Each structure stands twice: as C-alpha cells, then as structure tokens.
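The following exercises concern the geometry of a protein model and the surroundings of its ligand. Each task is followed by a worked solution.

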Amino acid sequence: MTTERSDNVSEAQIAVHWREEEYYQPPAAFVGQANASDPAILDRFAEDRFPECFKEYADLLDWDHYWHTTLDTSEAPFWKWFVGGRLNACHNCVDRHLATRPNQAAMIWVPEPEDADPVAITYRELWVRVNEFAALLRDFAGVKAGDRVTFHLPMVPELPVAMLACARLGAIHSEVFGGFSGTACGERIADSGSDVLITMDGYYRNGELIDHKIKADEACEAAAKHGHEVGTVLIWRRHPGRYASDRPMVDGRDHFVDDLLPDYRGQRVAPESMPAEAPLFLMYTSGTTGRPKGCQHSTGGYLAYVTGTSKYYQDIHPDDTYWCAADIGWITGHSYIVYGPLSLGTTTVLYEGVPTYPDPGRLWRIAERLGVTTFHTAPTTIRMLRKLGPDEPTKYHYRFKHMTTVGEPIEPEVWRWYHQVVGKGEAVVVDTWWQTETGGFMGTTLPALQPMKPGSCGPGALGIYPVIYDEVGEVVEAGSGKAGNICIRNPWPGIFQTIWGQPERFKQIYYERYNRDPASTDWHDWPYLAGDGAVEAADGYFRILGRIDDVINVAGHRLGTKELESAALTVDEIAEAAAVPVMDELRGRAVEMYVSLKPGMTASPAVQDGVTAAIEREIGKIARPTQVWIVPDMPKTRSGKIMRRVIAGISNFADVGDITTLANPEIVADIRHQVQREK
Ligand code: WTA
C-alpha cells in the first residue's frame, strides 16, 4: 500500500461539506410507469447473487453466441465478462430495431443556427447510413476488425454514424472531444496507433462556423512528432459540397467523405460477430502523469452495462424522447447518448452549440419543440442557466418526467432549482456518480424505488458495492461523518479493461493501493480505487467530495495537473509550474497556474498570456486557467517537491497546513500577500 504523496493537490481537501438534506419522493405518476418499480429488483442484484445478477443486463442484448462464463477472474484484475459470448454492438443498436420500429426516429439532431430545422433520422435511415459509411471505411480506408480509428468530430449525426460503422466492422473507435486542440488529438492518435482520422471541416458554436480542419492538420503534425504517420484523413463537410475551411487538402491523405459516399450507395456490410471481450472503443482521459490514458472498453460487458443502467436508471422506454445534453466526445455521450439509448430503441436527441446561445432559453425551447420527456445534463450547465435565466424554464411548455445530473457534485441549492424550476416539481432527479473508466453509473438512485437526497448521489447502483477506505485501508463506517477514498469492492461488466498499451499502469493506478494479495485471482482482494474522496451517510448514500489525485474537474471536464504544467513549461521563460484547483461558483472548480521564471527573466503580462496560449495549444480552450500567477519561487519540500497543497490553500483562502518542514517556508507569506491582495 502506498501512502498519499506529500505534494498531492486534492480537490476533496477544498470541498465544501454541506449539511445532510431531506429526502424527496418520486411523483406517483413516474412510479406508475417506471421500468424498475418492483423492489424485488434489489434482491435480484443482492451481493450473494454476484456475478450472475449481471446476466439480467446481458440478456437485454442480442447475442450471436451465448457466453459460457459470466466472470473470469483468472488474470486479476483484468476481469473478463461473458466469456465465450459473441455479439455486434451496431447490430444491437440499429439492426435489431428494424423489425419493430424502422420509421421511428433513432436520433433527432438539433443544429445551430437556431432557425435551422431539427433533423430526424429513423432507425432505417440510420441503418442505411451506417452500412454505407462502414463500406467506405472498409473498402476505401482499409479499416478492419481490431484497427483503431480516431475521430475528432463535433456534435453532428456523422459522429454516431461513424461510431456505429466502426462497431459494425469490429474496429475500435477513439473519439477525441472536438474542443481539444489538434496537438492533444495528435497525441491520442499516436498513442492508439490509428491510421485513419475522421473529422469535419467546421461546426457551429455561438452562431459562428468554426474552422475545424486546421486541427486535423495540427493533429497529423503532432502525431508525426510522436513517430506516427496518419495515412488517411476523412473529412465530412458540415454543409456537403461547400468547404468551410481555407486549409488546403493534403494530396493523397485528405478526402471529402461526401465526395466518396456516392460510390457506396446501397452497400451493405454484415455486422462482424465479435467476442464479448473485444474492445469496442477507447476514451482518453487525464490521469496522474502527463500522458493521457486510453481507457479501453469492451463490447459485451460495456454494452450490457450501459443498456441495463439506461433501462433502470434513465428509465428509458422506446417511445420516450430522451435528451442527454452532453457532448459525445465524453464518456457520458458514448454511454448515455449513443450506446445505451440506441440499444434500447428509443429516440435520442443531440444538439450542436451551447446552452446559452442565442440566449439561456435555448435548451427549454428545444425541449418544448421536440417534446423531450427525459433530460440529462451537468451541474455546470445547471448553475450557468440558473444564473443567466432563472425563470426561463417557466416560459416553455415542456414536461420532463425524469432528469439526470452527472459529472460533478451538485450543491443542494442548485439541485432544488433543477428539481423545482427545470423539472417543474414533476420530474424525478437522479444524480449519477461515475467515471470514464467505469463505463456507466456507479452511485445513484433507482428513481422509483430509492428517494432522492439533494447533494448525495445515492447508494451503489445495482450490483455495485462501494466502500470507503481510509489511508491505511481500514473501512470508514457509514454514518461516521468521516471522508475517505471511495472504492468499488467488486468488478462489474462496464469496467474498462485496461489502459491501452499500458497494462502495468492500469493495475498500479486502480488496483494496487488496496490490493490484499498481488497473486490472488479472487476479486475480493482487488478493490477498484475510483480516485474520489467521499462520505457515506448512515442511510448508505454517498456524497462525493472531488478528486483525491492530480486531476482537476473543471465544469465536468477532467484535467490532469501534470498536463497543464507540462504545457506551461513549453514557454521559454518558465522554470517551474504548478496547477491548482480553486472553488468556482459556476464551474465547480477552476484552474489557477502558478509559475516561476528562469533566472534573468522578467515577469510581464506577455509571459502570463504565453502560459495561457500554451495550454490552449497543447490541451484546448477548455483548459484555460482563470489566473496565471508569476511567483518568485514555489513552496518546496527539502527534497525539492513543489507543495501544490500549500499553494491551493493560499489560492482558496484556506488553511495551508504545516509548513515548518518546507525548505523555504518564508515564501508562503510572500505568495499569500501577492495573491490575496489581488483577489
Ligand atoms: C466526478 C464523468 C460528484 C468525480 C461521468 C469522478 C462526480 C469524475 C459525479 C469522473 C457526481 C462524476 N457527483 N462527482 N454525480 N459524476 N463526478 O471521467 O470526481 O469525465 O471521478 O466521467 O467526475 O469524470 P469523467
């Protein structure tokens, strides 16, 4: 067992502890129609039914061959689910609905600008588009089962079409969030070894058509720096036939999809029958070292888990109009815009743009126009809309029966606005705690069976058994009021399989800390370390406090402090850099950068701007720090480690802890003076 690093910045340490809240019961109208309204479901997933309980989720899928072993633990902690089973994810999300609902909208896309009409794509049309694009990928780009294909696509239907086309071929997709920089995309291309990049020339945001092709060029360049050549770049045009970028097309490498597609009209590609354990996709996320981690998700386990949780927690019915207003570039979009909802044959909404443009009524207008029944978003969006348009929801005639919040802790006050104003007091609210790594929900409430408690995500999801450990591995008892490290005691089908290409790191980051015996093949010995601080109340509900590692969750986006710091260090003048989390009214947390200069360099606004520009270039605009502080020196331990915890204490006007053991304790007062004077 390792002890916590002394220089760790921990979001959980600066978390605000709110008082325990009262319970809210679901409305009777909701309970009457819920997919899970019989408490017997809790018994079916009781601990002594593990792991067979998850058969109930897997049985929601079509299998080409049924599995022989539900859970194989022989290579712990590389769990294998539904071993021997074969299936195709695209078949499950598209083909199998053709018999029952070919003309139902599978997707409704709401583009910007706002006067453009929403576009409905039926299951049949989706099937046609996926087949044609799969044929193009196979025959033009040479994509085959097991190949990795990187996407850098915005929120357009072409993104789910591309995901499903890869899944149809058994190829592994890796979508990089559109807002990431070309450099960040290039690193992920190289890491995954993708020969093909799929992108779009431009997309709309805040009313502007943004040039996105430029990022493809940067990405290929960045990949080449990592020794990886991208052979083929497939570029969809946001307006077919009209190129939105002034970047030249690179001969032999760049191709417009809309020029190629006519050759594949009417083509059909048989879905590849994949082993349950074949990887379905990679989703890169930030971690404790500079390099992003490619979380590898399986076909069978993942799809079973997101289908089951979509059914019981999102309460998705085929006739719902379900809208998760997240970006597909994050895990939330993969699991709960694309795979879960489509597997259940419902209508899933995707939208281009932002919640606040042209005004903070946009989401509610969309909800009214499309008759959205089920709504899903993040606390950051809720806080922002509450601030900018607190009464907007009352102006629109939509009716939600179910609402979700995901990605960050939600303050009880914000929760109540969501419930009363957005949900008009008629919708249940489920707070869902989970991660890129976990594939689907970990802590949440079964909406018809478990009451809501603002500020707490809820108990473990069906078949998920969380536990809180202290620093030395003792269980922190429920109701003790003490915080600790939340872990999951058992494996589950949605858990990621490994970090792409880095199995040792996977084991070390997620399983070593509380492992009881490295040679054991018994899952009881391998608790999964989530990386969050949490408190468990006497009722078994968990309150998540924030990250305990070097990750800062800004507006629900995970940023690695090491990535931010290495970006800052690319600026010539900078000698040392530290990224710290600060509390932020709207985004939950924000990042402040502390930098010190090389000898002989002088502090100036240009240096500060240089740091911000470097972060935007290396990671993307989403990682922009709110402040760049140039300080004379960093507080350090005698061994030279930067004490980020001390800096975070200063930035948050909080206790900095014991500083007597620092090599340079006097610097703490200097920095405090400088920072707190300006704040
Ligand atoms: C945080 C997003 C509190 C947490 C699905 C976790 C939450 C990280 C919640 C994962 C929630 C997610 N309440 N905190 N309901 N949901 N988090 O990988 O710190 O982008 O570790 O996955 O977000 O972020 P990720």
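Strands are DSSP runs of E with at least two residues, and they are numbered from the N terminus. The model is predicted.

**Exercise 1.** Locate the unusual backbone geometry in the loops between strands.

*Solution.* Begin with the general expectation: most peptide bonds are trans, and most residues other than glycine have a negative phi.

Step 1. Consider the loop between β1 (69-72) and β2 (80-83), where Pro-77 is found. The peptide bond from Ala-76 to Pro-77 is cis, its omega being near 0°.

Step 2. Proceed to the loop between β4 (105-110) and β5 (119-122), which holds Pro-113. Glu-112 and Pro-113 are joined by a cis peptide bond with an omega of about -10°.

Step 3. Turn to phi in the loop between β9 (202-205) and β10 (208-211), where Asn-206 lies. Asn-206 is not a glycine, yet its phi is positive, at about 50°.

**Exercise 2.** Determine how helices α13 and α14 are oriented relative to each other, and describe their contact.

*Solution.*

Step 1. Helix α13 spans residues 379-388 and helix α14 spans residues 412-422; their axes come within 10 Å and cross at roughly 75°.

Step 2. Angles of 65 to 115 degrees count as roughly perpendicular, so α13 is roughly perpendicular to α14.

Step 3. On the α13 side, the contact is made by Ile-382, Arg-383, Leu-385 and Arg-386. Helix α14 contributes Glu-413, Val-414, Trp-417 and Tyr-418.

Step 4. Sorted by class, this contact of α13 with α14 has 5 nonpolar and 3 charged residues, and no polar ones.

**Exercise 3.** Characterise the shell around the ligand, its polar contacts and the cover that the protein provides.

*Solution.*

Step 1. There are 17 residues around the ligand, of which Asp-431, Thr-436, Asp-532, Arg-547 and Arg-558 come nearest.

Step 2. By class, the shell divides into 6 nonpolar, 6 polar and 5 charged residues. The elements α11 (331-343), β20 (428-432) and β25 (542-547) each supply at least two residues of this shell.

Step 3. Examine the polar atoms. An N or O atom in the side chain of Asp-532 is 2.6 Å from an oxygen atom of the ligand. From the backbone, an N or O atom of Glu-408 lies 3.2 Å from a ligand nitrogen atom, and a polar backbone atom of Trp-433 is 3.5 Å from a nitrogen atom of the ligand.

Step 4. On its own, the ligand has 530 Å² of accessible area, and the protein covers 96% of this area.

Notes:
Residues are numbered from 1 along each chain as its sequence is written. This is a predicted model: local features need pLDDT of at least 70, side-chain atom pairs count only at pLDDT 80 or more; totals for chains, interfaces and linings use all residues. Side-chain values use heavy atoms; hydrogens and water are left out. Axes are lines fitted to C-alpha atoms, for helices over the stretch in contact, and angles run from 0 to 180 degrees between N-to-C directions. Helices (H or I, at least four residues) and strands (E, at least two) are DSSP runs, numbered from the N terminus. Angles under 35 degrees count as roughly parallel, over 145 as roughly antiparallel, 65 to 115 as roughly perpendicular and the rest as oblique. Contact means heavy atoms within 4.5 Å. Ala, Val, Leu, Ile, Met, Phe, Trp, Tyr, Cys and Pro count as nonpolar, Asp, Glu, Lys and Arg as charged, and the others, Gly among them, as polar. A residue is near a molecule or strand if one of its heavy atoms lies within 4 Å of it. A polar contact is a pair of N or O atoms within 3.5 Å; within protein, one must be able to donate a hydrogen and the other to accept it, and residues adjacent in sequence count only if both atoms are side-chain atoms. Accessible areas come from the Shrake-Rupley method with a 1.4 Å probe; for residues, only the protein chains shown count as cover.
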